Amino acid sequence: MEPIELMRKAREARSLSHSPYSGFAVGAALLCKDGSVYLGANVENASYPLSMCAERNALYHALMEGRKKEEFLALAVCAKGRPVSPCGACRQVLSEFLPPETPVFLGNLELEMKETSVGELLPYAFEEKDVR
Ligand code: THU
């Protein structure tokens with residue numbers, strides 16, 4: 001699947017956002033090796049810190065459907081304004097499940113896109129082997 005198509009899906013996912021507090025809707029789409037795509041949008045809560053970002057919801061969506069980390073190919077994220085950049089918490093979580101070379105496409109509603117990678121977003125990640 002072309003990056004632009006994945007970004008369109010992330011933009012589509014954005015319409016599922018529950019973001020009455022920030023008013024900032026975000027969508028994400030995670031592509032797997034078999035061509036399947038898992039969507040996520042940010043889901044906020046009146047107790048603000050309980051909110052969940054689009055990127056993590058897309059990843060958890062895929063995991064809950066039985067996808068394994070070896071299957072993830074690329075992630076697209078979409079929001080209004082400049083091509084949206086994942087927060088620090090999402091970078092940490094993504095680095096646990098997606099190899100550093102995994103492409104991450106940052107985009108906006110006009111489908112302007114920047115390509116980066118999981119490793120570029122979080123160099124020197126704290127990881128499993130540091131804990132064991
Ligand atoms: N947000 C995401 O879902 N992903 C990002 O990449 C940036 C921020 C959400 C969190 C919160 O619901 C809203 O955007 C404003 O921070």
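This tour proceeds from the ligand to an aromatic pair, then to two strands and two loop residues.

The structure is a predicted model, in which local features need pLDDT of at least 70, side-chain atom pairs count only at pLDDT 80 or more, and totals for chains, interfaces and linings use all residues. Residues are numbered from 1 along each chain as its sequence is written, and side-chain values use heavy atoms, with hydrogens and water left out.

**Stop 1: the ligand**

Select the ligand and the residues near it, that is, those with a heavy atom within 4 Å of it. This shell consists of Ser22, Phe24, Val26, Asn42, Glu44, Cys53, Ala54, Glu55, Val84, Ser85, Pro86 and Cys87. Seven of the shell residues are nonpolar, three are polar and two are charged. In this grouping, Ala, Val, Leu, Ile, Met, Phe, Trp, Tyr, Cys and Pro are nonpolar, Asp, Glu, Lys and Arg are charged, and the others, Gly among them, are polar.

Next, select Asn42, which places a polar side-chain atom 3.0 Å from an oxygen atom of the ligand. For Glu44, the distance from a polar side-chain atom to a ligand oxygen is 2.5 Å. Glu55 likewise has a side-chain N or O atom 2.5 Å from an oxygen atom of the ligand. The protein buries 78% of the 370 Å² that the ligand exposes when taken alone (Shrake-Rupley method, 1.4 Å probe).

**Stop 2: an aromatic pair**

Which rings should be selected next? The rings of Tyr21 and Tyr48 have centres 5.4 Å apart and planes at 40°, so the pair is tilted (centres within 6.5 Å; planes under 30 degrees apart are stacked, over 60 edge-to-face, the rest tilted). Tyr21 lies in the loop between helix H1 (3-14) and strand S1 (26-32), and Tyr48 in the loop between strand S2 (37-41) and helix H2 (54-64), so the pair ties together parts 27 residues apart in sequence. Helices (H or I, at least four residues) and strands (E, at least two) are DSSP runs, numbered from the N terminus.

Tyr21 is partly exposed at 41% relative accessibility, whereas Tyr48 is exposed at 56%. Buried means under 20% relative accessible area, exposed over 50%, and partly exposed in between (1.4 Å probe, protein chains only).

**Stop 3: strands S3 and S4**

Select strand S4 (residues 103-108), where five of the six residues are buried. Strand S3 (residues 72-79) runs parallel to S4, joined by five bridges. Cys78 stands opposite Gly107 in S4.

**Stop 4: two loop residues**

Most residues other than glycine have a negative phi. Leu111 has a positive phi near 65°, and this residue is buried at 15% relative accessible area. Tyr124 has a positive phi of about 55° and is exposed at 86%.

Conventions
A polar contact is a pair of N or O atoms within 3.5 Å; within protein, one must be able to donate a hydrogen and the other to accept it, and residues adjacent in sequence count only if both atoms are side-chain atoms. Rings of Phe, Tyr and Trp (its six-membered ring) pair if their centres lie within 6.5 Å; planes under 30 degrees apart count as stacked, over 60 as edge-to-face and the rest as tilted. Two strands pair if DSSP finds at least two bridges between them.
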